[in-house]
Amino acid sequence: MANIKSQIKRIKTNEKSHQVNKSFKSQVKTAYNKAVKAINEKDKEAQKFVTEYTSLADKAANKGIFHANKAANLKSKINKKFNKINKKNKADIKK
């Protein structure tokens with residue numbers, strides 16, 4: 001443990017921000033799992049879950065929890081899955 005007063009304060013601050021970031025990352029992962037589950041089940045509300053997930057990914061990037069490129073990659077990944085399923089559904093409807 002540090003002896004310097006400012007360093008002790010800094011350790012406390014870092015721990016608080018670590019807990020906040022950890023919680024937010026957990027929210028993002030949960031949103032991802034909900035979106036993937038909805039996509040795989042071809043749920044009508046899949047679009048809502050995808051939108052929620054992309055919003056959380058953007059917020060994480062803005063807060064500095066994720067790098068901006070990581071957030072972009074995450075959003076791209078989920079949108080690819082969503083669009084792939086949507087194309088299959090549209091093809092089935094046309095037949």
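**A loop lysine and the helices around it**

Lys 42 is partly exposed, with a relative accessible area of 48%. In this predicted model, Lys 42 belongs to the loop that joins α1 and α2. The backbone at this point deserves a look: Lys 42 has a positive phi of about 55 degrees although it is not a glycine. Lys 42 comes after α1 in the chain.

The helix before this loop, α1, comprises residues 5-40. With 36 residues at 1.5 Å a residue, α1 should span 52 Å, and its end C-alpha atoms are 53 Å apart, so expectation and model agree. The buried residues of α1 are Phe 24, Val 28, Ala 31, Tyr 32, Ala 35, Val 36, Ala 38 and Ile 39. One of them, Ala 35, offers a good example of how this helix meets other parts of the chain. Ala 35 is buried, with a relative accessible area of 0%. Setting aside neighbours within four places in sequence, Ala 35 is in contact with Phe 49, Val 50 and Ile 78. Phe 49 and Val 50 are themselves among the buried residues of α2. Within α1, the C-alpha atoms of Ala 35 and Phe 24 are separated by 17 Å, the two residues being 11 apart along the chain.

On the other side of the loop, α2 takes in residues 46-63. Its 18 residues, at 1.5 Å each, should span 26 Å, and the end C-alpha atoms are 26 Å apart, which agrees. Buried positions in α2 are Ala 46, Phe 49, Val 50, Tyr 53, Thr 54, Leu 56, Ala 57 and Ala 60. These residues cover an arc of only 160 degrees around the axis, and therefore lie on the same side of α2. The exposed residues Asn 62 and Lys 63 are carried on the face turned away from that buried side. After α2 comes Gly 64, with a positive phi near 90 degrees.

What links α1 and α2 through their aromatic side chains? The answer is a pair formed by Tyr 32 of helix α1 and Tyr 53 of helix α2, which ties together parts that are 21 residues apart in sequence. One aromatic pair is present in the structure. The ring centres of Tyr 32 and Tyr 53 are 5.4 Å apart and the planes stand at 55 degrees, so the pair is tilted. An angle over 60 degrees would have made such a pair edge-to-face, and one under 30 degrees would have made it stacked. Both Tyr 32 and Tyr 53 are buried.

Next to Tyr 53 in the sequence, Thr 54 is also found in helix α2. Is Thr 54 buried or exposed? Thr 54 has a relative accessible area of 17%, and it counts as buried because the cut-off is under 20%. The side chain of Thr 54 reaches the backbone oxygen of Thr 51 at 2.9 Å. Beyond residues up to four places away in sequence, Thr 54 touches Lys 75, Ile 78 and Asn 79. Ile 78 thus appears in two contact lists, that of Thr 54 and that of Ala 35.

Further along α2 lies Ala 60, which counts as buried at 0% relative accessibility. Which residues does Ala 60 touch, not counting those up to four places away in sequence? They are Phe 24, Ile 65 and Phe 66. Of these, Phe 24 is one of the buried residues of α1. Ala 60 and Ser 17 are 43 residues apart in sequence, and their C-alpha atoms are 13 Å apart in space.

The third helix, α3, contains Ala 71 and runs over residues 68-94. Ala 71 counts as buried, at 1% relative accessibility. Leaving aside neighbours within four places in sequence, Ala 71 is in contact with Ala 57 and Ala 61, and Ala 57 belongs to the buried set of α2. Between the C-alpha atoms of Ala 71 and Val 36, 35 residues apart along the chain, the separation is 16 Å.

Lysines also meet aromatic rings at two places. The charged end of Lys 70 sits over the ring of Phe 66, 4.6 Å from its centre, and Phe 66 is touched by Ala 60 as well. The charged end of Lys 48 sits over the ring of Phe 49, 5.1 Å from its centre. Phe 49, in turn, is in contact with Ala 35.

Technical notes. Residues numbered from 1 in each chain as written. Predicted model: local features only at pLDDT ≥ 70, side-chain atom pairs only at ≥ 80, totals over all residues. Heavy atoms only, no water. Phe/Tyr/Trp six-rings, centres within 6.5 Å; stacked < 30°, edge-to-face > 60°. Helix = DSSP H or I, 4+ residues; strand = E, 2+ residues; numbered from the N terminus. Buried < 20%, exposed > 50% of the residue type's maximum accessible area, 1.4 Å probe, protein only. Lys NZ or Arg CZ within 6 Å of the ring centre and 35° of its normal. Contact = heavy atoms within 4.5 Å. Polar contact = N/O pair within 3.5 Å; in protein donor to acceptor, adjacent residues only side chain to side chain. Expected span 1.5 Å × (residues − 1). Arc of directions from axis to C-beta.
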